[in-house]
Amino acid sequence: MRPRGIVLRLSVSHFCIDAYASMPGALIPFLYVAHDLSFTKAGILAGVLLLSAALLQPLYGYLSDRWHSRVFTALGPAVAGVFICSLGLTSSYTLMLLFVFAGGIGIAAFHPQGTAVVSRSSKRNPAFQLSFFITFGMLGYAAGPMAMGSLVVFAGLEWSILAAIPGVVVTLYLLTSGPLPVVEEMVPQPREVFRSLRAHSRPLL
């Protein structure tokens with residue numbers, strides 16, 4: 001009962017990217033005060049991130065099945081980290097919206113392929129491997145606001161970009177640590193995707 005190498009690498013990456021997903025929860029109150037945002041504008045920032053991170057996941061899941069490229073998983077931490085942690089560098093609300101949307105793209109790109117690789121990594125104990133991966137993500141989600149809040153309190157809002165460094169490091173590691181395992185026969189056609197969704201529409205709903 002121990003994680004495989006690929007599962008451990010992706011679990012650390014999951015910790016990192018879910019930490020970025022939760023960091024706006026700590027950043028938005030500081031942005032609200034520093035730039036005199038309204039409650040509505042602050043709420044929209046959080047909503048745009050959630051929409052971007054959630055609604056784009058089926059697209060990246062489909063593309064990763066088609067292309068078998070590790071770029072979706074590997075680039076996710078850097079993209080999410082750089083854009084979300086850049087929120088403290090701008091006073092433009094338009095740029096804030098663009099930053100959280102782009103950060104959501106990194107989050108959306110990572111999860112489908114990362115979860116699929118982990119679930120296929122072991123035939124003997126796939127549930128344990130997947131639970132290990134998910135646990136690291138939840139730990140990251142809990143740690144993100146604490147890390148970002150502490151950084152801004154001690155260094156200032158403009159130094160929020162420093163929190164992007166772990167994401168960039170993780171991306172460089174994933175790009176150089178060898179290919180992700182793929183299953184060639186699991187390449188869906190668009191008709192198969194929608195047929196499967198229709199067949200399972202009730203439990204999905």
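Let me start with two rings: Phe128 and Phe132 both sit in helix 7, 4 residues apart, which is about one turn of the helix. Before going on, please keep in mind that this is a predicted model.

Those two rings form an aromatic pair of the tilted kind, with 6.3 Å from centre to centre and 45 degrees between the planes. How exposed is Phe128? Phe128 has a relative accessible area of 21%, so the residue counts as partly exposed.

One turn further on there is another pair. Phe132 and Phe136 are also 4 residues apart in helix 7, so about one helical turn separates them. Their ring centres are 4.9 Å apart and their planes stand at 35 degrees, so this pair is tilted too. To call a pair tilted, we need an angle between the planes that is neither under 30 degrees nor over 60. Phe136 is partly exposed, because its relative accessible area is 22% and the buried class ends at 20%. Taken together, Phe128, Phe132 and Phe136 are linked by ring pairs into a cluster. The count of aromatic pairs in the model comes to 6.

Now to how helix 7 sits against helix 1. Helix 1 covers residues 5–22 and helix 7 covers residues 126–155. Their axes come within 6 Å and cross at roughly 30 degrees. Why do we call them roughly parallel? Angles under 35 degrees fall in that class, and helix 1 and helix 7 are therefore roughly parallel to each other. Their crossing is right-handed. Sorted by class, the contact of helix 1 with helix 7 has 16 nonpolar residues, 7 polar ones and 1 charged one.

Helix 1 has another partner, helix 5. Here the axes are 9 Å apart and the packing angle is about 25 degrees. By the reasoning we just used, helix 1 and helix 5 are therefore roughly parallel as well. Which hand does this crossing have, left or right? Helix 1 passes helix 5 in a left-handed crossing. If you want to find the contact on the screen, look in helix 1 for Leu10, Ile17 and Tyr20. In helix 5 they meet Thr73, Gly76, Pro77, Ala80, Gly81 and Ile84. The residues of this contact divide into 6 nonpolar and 3 polar, with no charged ones.

While we are in helix 1, take Ser13, which lies in that helix. Is Ser13 buried or exposed? Its relative accessibility is 1%, so Ser13 counts as buried. Leaving out residues up to four places away in sequence, Ser13 touches Phe110, Val170 and Leu174.

Next is helix 2, residues 24–34. Its buried residues are Pro24, Ala26, Leu27, Ile28 and Leu31. What covers them? The cover includes helix 1, helix 3, helix 5, helix 6 and helix 7. After helix 2 comes Asp36, which has a positive phi, near 55 degrees.

From that buried set, I will pick out Ala26, in helix 2. Ala26 has 11% relative accessibility, and therefore counts as buried. Apart from neighbours within four places in sequence, which residues is Ala26 in contact with? They are Pro145, Met148 and Gly149. Ser150 gives a distance to go with this: Ala26 and Ser150 are 124 residues apart in sequence, yet 9.2 Å apart in space, C-alpha to C-alpha.

Last, two residues of helix 6, which spans 93–119. His111 lies in this helix. With 14% relative accessibility, His111 is under the 20% limit and so counts as buried. Setting aside residues up to four places away in sequence, His111 touches His14, Ile17, Asp18 and Gln57. Ile17 came up earlier, as one of the helix 1 residues that meet helix 5.

The other residue is Gln113, also in helix 6. Gln113 is buried, because its relative accessible area is 7%. Along the chain, Gln113 and Arg70 are 43 residues apart, and their C-alpha atoms are separated by 8.0 Å.

To recap the two crossings of helix 1: the one with helix 7 is right-handed, and the one with helix 5 is left-handed. That is the end of my part.

Note on methods: Residues numbered from 1 in each chain as written. Predicted model: local features only at pLDDT ≥ 70, side-chain atom pairs only at ≥ 80, totals over all residues. Heavy atoms only, no water. Axes fitted to C-alpha atoms, helices over the stretch in contact; angles between N-to-C directions. Parallel < 35°, antiparallel > 145°, perpendicular 65-115°, else oblique. Left-handed = near helix turned anticlockwise from the far one by under 90°. Nonpolar A, V, L, I, M, F, W, Y, C, P; charged D, E, K, R; others polar. Buried < 20%, exposed > 50% of the residue type's maximum accessible area, 1.4 Å probe, protein only. Contact = heavy atoms within 4.5 Å. Phe/Tyr/Trp six-rings, centres within 6.5 Å; stacked < 30°, edge-to-face > 60°.
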